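Me: Got a minute to go through a structure with me? I'd like to get the fold straight before looking at side chains.

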Amino acid sequence: MTATSTAVSSSSPSSLTAERYVATNRFRVKEGREAAFEKRWADRQSRLGMLDGFRFFCMLRRLDADADKPHEDDINYISCTVWEQQTDFEVWRKGDAFKEAHGGGTIGGIAGMLVATAMNTKGKPKIALWEGILPETVGDGTVSNEGRGIAWRQVEADGVSMLDGECFVAMNRFTVLPGQAEAFEQRFSKRESMLKKYSGFKGFLLLRRDGSDPDGFTYSTWSVWSDRASFEAWKNAEKKPVGGPPSAAPGAGPPSAGGPQQLFARPPVATFYEGILVLESAEGI
């Protein structure tokens, strides 16, 4: 599949209020440099988990695609941070905590970061920002679980072997036609969700693009599970599309007389990830 070159914005009228803000950074890590890239992240200094409005972080490592459905791009890692609201993200981005996590704000630290970037990745990372709507989480207000209520995880990384996956993340990305955002959100909000009753479920958001991007995607589901087996158990029991609305197919293809409302410019694109370096608040996602 070839990525669309048309930038489609999600700024058309929508109906659901954002309840989270999600900042992602997309990396194209060079083949053979994956473990070194992961070590760089594991060794960084950060107090992200103690900041106001922080909910969840993980580094997404993309899983291999099926042979008959190759990935449409070479973005194989995505850092993903969930905040309560956009203002929390902006405070972090403009504050000392951001500098500490990006080379410490010193000339030597920044130089080291730039050298590592050149060695490990193909070009600079590209940011993608999202509003999170329709959140579901199993956060219970405790801080007893590993990775909760701490500033940053201390994870052993040797730069040779890749880190073990700590969670499974499923995304289904949509290119909603201009003027159809409200219809799409309303259709999605009316679904009957039973996610919380399934073992291994950690959280869900419907992501709405904040701004536009050449990839053309304006919405995405984002569901987090303890492992892939838990996700597969839900999918098989519910018999629904990958993390998607009641039916992702209707409206994805050409409109027909008397057929479903045309919502999508192209079929949804499903992608799966392992999450590493997971850090979460006591409240969950």
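What follows is a chat about the sheet, then some residues in it, then the aromatic rings.

Me: Before anything else, is this experimental or predicted?
Reply: It's a predicted model.

Me: OK. In what order do the eight strands close into a barrel?
Reply: Going round, the order is β1-β3-β2-β8-β5-β7-β6-β4, with antiparallel pairing. On average, neighbouring strands of this sheet are turned by 30 degrees against each other, ignoring direction.

Me: How many bridges are there between β1 and β4?
Reply: Seven, and the two strands pair in the antiparallel sense. β1 covers residues 20-27 and β4 covers residues 126-137. To find the spot on screen, look for Asn25, which stands opposite Ile127 in β4.

Me: And β8, is that strand mostly covered or open?
Reply: Mostly covered: ten of the twelve residues in β8 (residues 269-280) are buried.

Me: What does β8 have on either side?
Reply: β2 (residues 54-62) is joined to β8 by six bridges, running antiparallel, and Leu60 stands opposite Gly275 there. β5 (residues 167-174) also pairs with β8 in the antiparallel sense, over seven bridges. In that pairing, Arg173 has Val269 of β8 as its bridge partner.

Me: Back to β4. Why does Thr137 count as buried?
Reply: Because its relative accessibility is 18%, and the cut-off for buried is under 20%. Thr137 is in strand β4.

Me: What does the Thr137 side chain reach?
Reply: The backbone nitrogen of Ile285, at 2.9 Å. Leaving out residues up to four places away in sequence, Thr137 touches Arg55, Lys196, Lys202, Gly203, Glu283, Gly284 and Ile285.

Me: Now Phe201. Which strand is that in?
Reply: β6, residues 201-209. Phe201 counts as buried because its relative accessibility is 5%.

Me: Which residues does Phe201 touch?
Reply: Not counting residues up to four places away in sequence, they are Glu136, Val138, Leu195, Lys196, Val224 and Trp225. Ser223 is 22 residues from Phe201 in sequence, and their C-alpha atoms are 8.1 Å apart.

Me: Switching to rings. How many aromatic pairs does a search of the whole structure find?
Reply: It finds 24. One of them is Phe231 with Trp234, a tilted pair at 5.8 Å centre to centre with 40 degrees between the planes.

Me: Why are Phe231 and Trp234 separated by about one helical turn?
Reply: Because they are three residues apart in helix α6, which spans residues 228-238.

Me: Buried or exposed, those two?
Reply: Phe231 counts as buried, at 0% relative accessibility. Trp234 counts as buried too, at 6%.

Me: Which residues form the aromatic cluster?
Reply: Phe27, Phe37, Trp41, Phe57, Tyr77 and Trp152 form one cluster.

Me: What sits over the ring of Trp41?
Reply: The charged end of Arg44, 4.0 Å from the ring centre.

Me: And what about Arg228, which ring face does that lie over?
Reply: The face of Phe272, with 4.8 Å to the ring centre.

Me: Last one: where do side chains point along a regular strand?
Reply: In a regular strand they alternate between the two faces of the sheet.

Conventions. Residues numbered from 1 in each chain as written. Predicted model: local features only at pLDDT ≥ 70, side-chain atom pairs only at ≥ 80, totals over all residues. Heavy atoms only, no water. Pairing = 2+ DSSP bridges. Helix = DSSP H or I, 4+ residues; strand = E, 2+ residues; numbered from the N terminus. Axes fitted to C-alpha atoms, helices over the stretch in contact; angles between N-to-C directions. Buried < 20%, exposed > 50% of the residue type's maximum accessible area, 1.4 Å probe, protein only. Contact = heavy atoms within 4.5 Å. Polar contact = N/O pair within 3.5 Å; in protein donor to acceptor, adjacent residues only side chain to side chain. Phe/Tyr/Trp six-rings, centres within 6.5 Å; stacked < 30°, edge-to-face > 60°. Lys NZ or Arg CZ within 6 Å of the ring centre and 35° of its normal.
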